[in-house]
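I opened the model to look up its strands, its nonpolar cores and one loop residue. My notes follow in the order I made them.

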Amino acid sequence: MTNKEMLVKKCTSYVEERLHRLQLALKDLEQDLSNETKSSAGDKYETSREMINIEINKLQNQIQGFKKLKEILTLVEHRKSSTSIQLGSVVKTNQANYFIAIPVGEITTEKEKFYGIGLNSPIGQLLLGKKVGEEFNFQQKQYIIKEVL
């Protein structure tokens, strides 16, 4: 399994695990909403239902966000390697290693540590289009691109 395949697999697991947790939480809230009965204190009932609906909307938005991340991973998985950095590139620099896909933070493989970052992140924007041997500065550090896969 290549580094890219392993990184895609780990990112996919991350997204699916988050989606699963969010869907369970949504199911619980929907159950709470259906169990909410009207009491003699009508305002309290309406306030409680509205608070549950607000939480349901928040969870639905988060679920949509993770579904978009899953779509990005599908694009990354089928993208061909390039000598210049693009979505799906595995980049090794003198400072750190990056996987240009989705923002998941630190990913540890058997041999190395990578940072899963989005293309729109500040460092993702600096890396975009660069090739092996090129340099850039980020947070007062100089980076030299050693490898692009």
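Before listing strand partners I fixed the term: two strands count as paired if DSSP finds at least two bridges between them. I also note that this is a predicted model.

Entry 1, the β3-β4 pair. I looked up how β3 and β4 (residues 113-118) run against each other, and they pair in the antiparallel sense over 4 bridges. I then checked individual positions. Glu 106 lies opposite Tyr 115 of β4, and Thr 108 has Lys 113 in β4 as its bridge partner. The connection between β3 and β4 is a hairpin through 4 residues.

Entry 2, the whole sheet. I traced the strand order as β3-β4-β2-β1-β6-β5, an open sheet of 6 strands with mixed pairing. Which strands stand at the edges? I found β3 (105-108) and β5 (135-138) there; each has a single partner strand, so one side of each is left without a neighbour in the sheet. From one strand to the next, the twist averages 40°.

Entry 3, the cores. I asked how many residues the largest nonpolar core has. The count is 25, and Cys 11, Val 15, Phe 99 and Ile 102 have the most contacts inside this core. I looked up where its residues come from: α1 (3-35), α2 (42-78) and β2 (97-101) each supply at least two. The largest share is that of α1, with 9 residues. I also recorded a second, separate core of 13 residues, which includes Ile 85, Val 91, Ile 100 and Ile 123.

Entry 4, Phe 99. I picked this residue from the list of those with the most contacts inside the largest core. Leaving out residues up to four places away in sequence, I found that Phe 99 touches Lys 4, Leu 7, Val 8 and Cys 11, and also Val 76, Gly 88, Ser 89, Val 90, Tyr 115, Gly 116 and Ile 117. One of these, Tyr 115, is the residue I had noted opposite Glu 106.

Entry 5, Leu 87. I placed Leu 87 in the loop between α2 and β1 (90-93). Is Leu 87 buried or exposed? Its relative accessibility is 11%, and buried means under 20%, so Leu 87 counts as buried. With neighbours within four places in sequence set aside, I listed its contacts as Ile 72, Leu 75, Val 76, Arg 79, Ile 100, Ala 101 and Leu 119. For Val 76 I also took the C-alpha to C-alpha distance to Leu 87: the two are 6.4 Å apart in space and 11 residues apart in sequence.

Key:
Residues numbered from 1 in each chain as written. Predicted model: local features only at pLDDT ≥ 70, side-chain atom pairs only at ≥ 80, totals over all residues. Heavy atoms only, no water. Core = buried A, V, L, I, M, F, W, Y, C linked by side-chain atoms within 4.5 Å. Buried < 20%, exposed > 50% of the residue type's maximum accessible area, 1.4 Å probe, protein only. Contact = heavy atoms within 4.5 Å. Axes fitted to C-alpha atoms, helices over the stretch in contact; angles between N-to-C directions.
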